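Here is a friendly walk through one predicted model, written for someone who likes to know the cut-offs behind each term. Have the structure open beside you as you read.

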2 protein chains.
Amino acid sequence: MKVVKSIADLHRELDAFSSGHIGLVPTMGCLHRGHMSLVEAAGKENDATVVSIFVNPTQFGPGEDLERYPRDLDRDCRMLREAGVELVFAPAPEEMYPPGFYTRIDQEVLGAGLCGASRPGHFSGVLTVVAKLLGICRPDRVYFGIKDAQQAVMVTRMVRDLNMHVKVRVMPIIRDADGLALSSRNRYLSHDDRLLALALPGALDAARRKIEMGEKSSRVLVREIRDHIVQTPGVELEYVEIVNLDDMQPIDRVTSTGTLVAAAIRVGGTRLIDNFIVGEI
Amino acid sequence: MKVVKSIADLHRELDAFSSGHIGLVPTMGCLHRGHMSLVEAAGKENDATVVSIFVNPTQFGPGEDLERYPRDLDRDCRMLREAGVELVFAPAPEEMYPPGFYTRIDQEVLGAGLCGASRPGHFSGVLTVVAKLLGICRPDRVYFGIKDAQQAVMVTRMVRDLNMHVKVRVMPIIRDADGLALSSRNRYLSHDDRLLALALPGALDAARRKIEMGEKSSRVLVREIRDHIVQTPGVELEYVEIVNLDDMQPIDRVTSTGTLVAAAIRVGGTRLIDNFIVGEI
């Protein structure tokens, strides 16, 4: 496995794989089993897997956790080597954003609600860096987890809108045994906070069961999730939304053709998100 | 020469050229010798030339000339066939922007001044459609005229920022014998308006001569151009700006490392632009 920091070095290494299919897994590092499930899928579906590790500053807002976001490149590389990854691209911010970098990609309609409401500019940062990584790596397939559902939908749409020559593969949420969705930010949680955080998957699970029993009203389901979360002391609900997966707009009734039920909470200063989908992605 | 209207048909035709280099000339049709100089350059530098003809609605603002913008596909195709072009892509707006198209590309710093000041959203429309055309056609080289200097700089920057795998070739302004820069909009001009419009190349030419004689002050040069234009009755000056080509920001003194001197006028309801560059692009 090669670890490269510059775009020029990456291109030199990629030339060796020019005849095969490339899978790209874009990450911010501090890898967990969620990332590794993407790496595994990429390994199965392609001739070579490239994992990018880049804590992208443009998707963090003022006051967010850019500075303290966990970084552990050595550990990440050990995990990726064991998983049989061919190439790791770990650029510095200056390599990705040299002076005079001015281009921004955005999708106002899709990025306005859910996480976008409390993180202005976040998704523009995500779309721009993903477009740049796709331009740099030119993969045949790129892998995202549905845990970041709004991101996955927006990236998929960008690729479709701009006719980018890549297949976006969206993979399931990976959870710990207690039900908490894996996230690099979980390591911010104290033992007690982690127990409180389980209110999030618990509330979503309760809503999912209600849907399975026939409940379709978004109002009823949102209240169910909200009540479940706000009754947990120390947990602050940021949002709970039920939206159409296609345009991220709130819908009154859950449908089986692609409904996203998503929520975000704050526990002890840590922001966590989780979701489930009814119907097809 | 094949003329295709759908992306699927274009891809079928492009498959035939998969081993050679492709040159793309994006146009809004109503072709003139300016476009044909790009077509000629593309023909020389590539194995096959694709010309797109698409009056892109997203780069027109409210009240602009989208509806009356001249369209003559038959004549355009005759000219392109004679020039030896392999493929014409002439999609309908619905083919380019199906329902649920949400992605926008922008460069606020580069797009704020000059033409961007009076045409909000224009350059976002340009960058987005160019990115989409590059995604659809995947050319090795793409051709633009420096007559639309801000556009050429912004597209070049987008390609660099997003590491798009294409070489942007920027070609010189082509002028009629009287000095007027070729533009599809010139056909809006009455005979009298056309004579008045010559104040634009005349003023720029006078400024260029002053620079050649040693004048470096932007203030002096802007006043020279302004005075020249406003003394022509029936001609309205929209802007005259002297900017750094690299960031499109106004500069106090002309330098030989890339200065753009650009102006826009209105004559009888028609908006015309022209420019010259000091130093290297």
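## The sheet of chain B

In chain B, 6 strands make an open sheet in the order β1-β4-β3-β2-β6-β7, and their pairing is parallel. Strands here are DSSP runs of E with at least two residues, helices are runs of H or I with at least four, and both are numbered from the N terminus. Two strands pair if DSSP finds at least two bridges between them. β1 (2-4) and β7 (167-171) of chain B are at the edges with a single partner strand each, so one side of each has no neighbour in the sheet. From one strand to the next, the twist averages 25 degrees.

At one end of that order, β6(B) (residues 141-145) runs parallel to β7(B), and 5 bridges join them. Arg141(B) is the residue that stands opposite Lys167(B) in β7(B). A helix also meets this sheet: α7(B) lies across β2 (22-27), β3 (48-53), β4 (87-89) and β6 of chain B, and runs at about 150 degrees to β2(B). Axes are lines fitted to C-alpha atoms, for helices over the stretch in contact, and angles run from 0 to 180 degrees between N-to-C directions.

## How the model is read

This is a predicted model, in which local features need pLDDT of at least 70 and side-chain atom pairs count only at pLDDT 80 or more, while totals for chains, interfaces and linings use all residues. Residues are numbered from 1 along each chain as its sequence is written, and chains are lettered from A and ligands numbered from 1 in the order in which they are written.

## Two helices, seen in both chains

Two packed helices are described by the angle between their axes and the distance between the axes. In chain B, α7(B) and α8(B) pack at about 50 degrees with their axes 10 Å apart. That angle makes α7(B) oblique to α8(B); angles under 35 degrees count as roughly parallel, over 145 as roughly antiparallel, 65 to 115 as roughly perpendicular and the rest as oblique. Their crossing is right-handed, meaning that the near helix is turned clockwise from the far one by less than a right angle, whereas an anticlockwise turn is left-handed. Phe123(B), Val126(B), Leu127(B), Val130(B) and Ala131(B) of α7(B) make the contact with Gln150(B), Gln151(B), Met154(B), Val155(B) and Met158(B) of α8(B). Residues are in contact if their C-beta atoms, placed from the backbone, lie within 7 Å. By class, this contact has 8 nonpolar, 2 polar and no charged residues.

In chain A, the axes of α7(A) (residues 122-137) and α8(A) come within 10 Å and cross at roughly 50 degrees. α7(A) is therefore oblique to α8(A), and passes it in a right-handed crossing. Among the residues making this contact are Phe123(A) and Val126(A) of α7(A) and Gln151(A) and Met154(A) of α8(A). Here the classes are 8 nonpolar, 1 polar and no charged. Ala, Val, Leu, Ile, Met, Phe, Trp, Tyr, Cys and Pro count as nonpolar, Asp, Glu, Lys and Arg as charged, and the others, Gly among them, as polar.

## Where the chains meet

Which elements of chain B touch chain A? In total, 25 residues of chain B contact 25 residues of chain A. β5 (104-106), α5 (108-111), α7 (122-137) and α8 (149-161) of chain B each supply at least two residues of that side, and α7(B) gives the most, with 4 residues. The side comprises 11 nonpolar, 6 polar and 8 charged residues.

Strands meet across the chains too: β5(A) (residues 104-106) and β5(B) run antiparallel and are joined by 3 bridges. In this pair, Ile105(A) stands opposite Ile105(B).

## The domains of chain A

Chain A is divided into domain 1 (2-171) and domain 2 (184-279), with bounds from an automatic or database domain assignment. Their centres, taken over C-alpha atoms, are separated by 26 Å. In chain A, 15 residues of domain 1 are in contact with 15 residues of domain 2. The domain 1 side has 11 nonpolar, 4 polar and no charged residues.

Chain A also has an open sheet of 3 strands, ordered β8-β9-β10, with antiparallel pairing. Its edge strands are β8 (235-244) and β10 (270-279) of chain A, each pairing on one side only.

Definitions and conventions. Contact = placed C-beta atoms within 7 Å.
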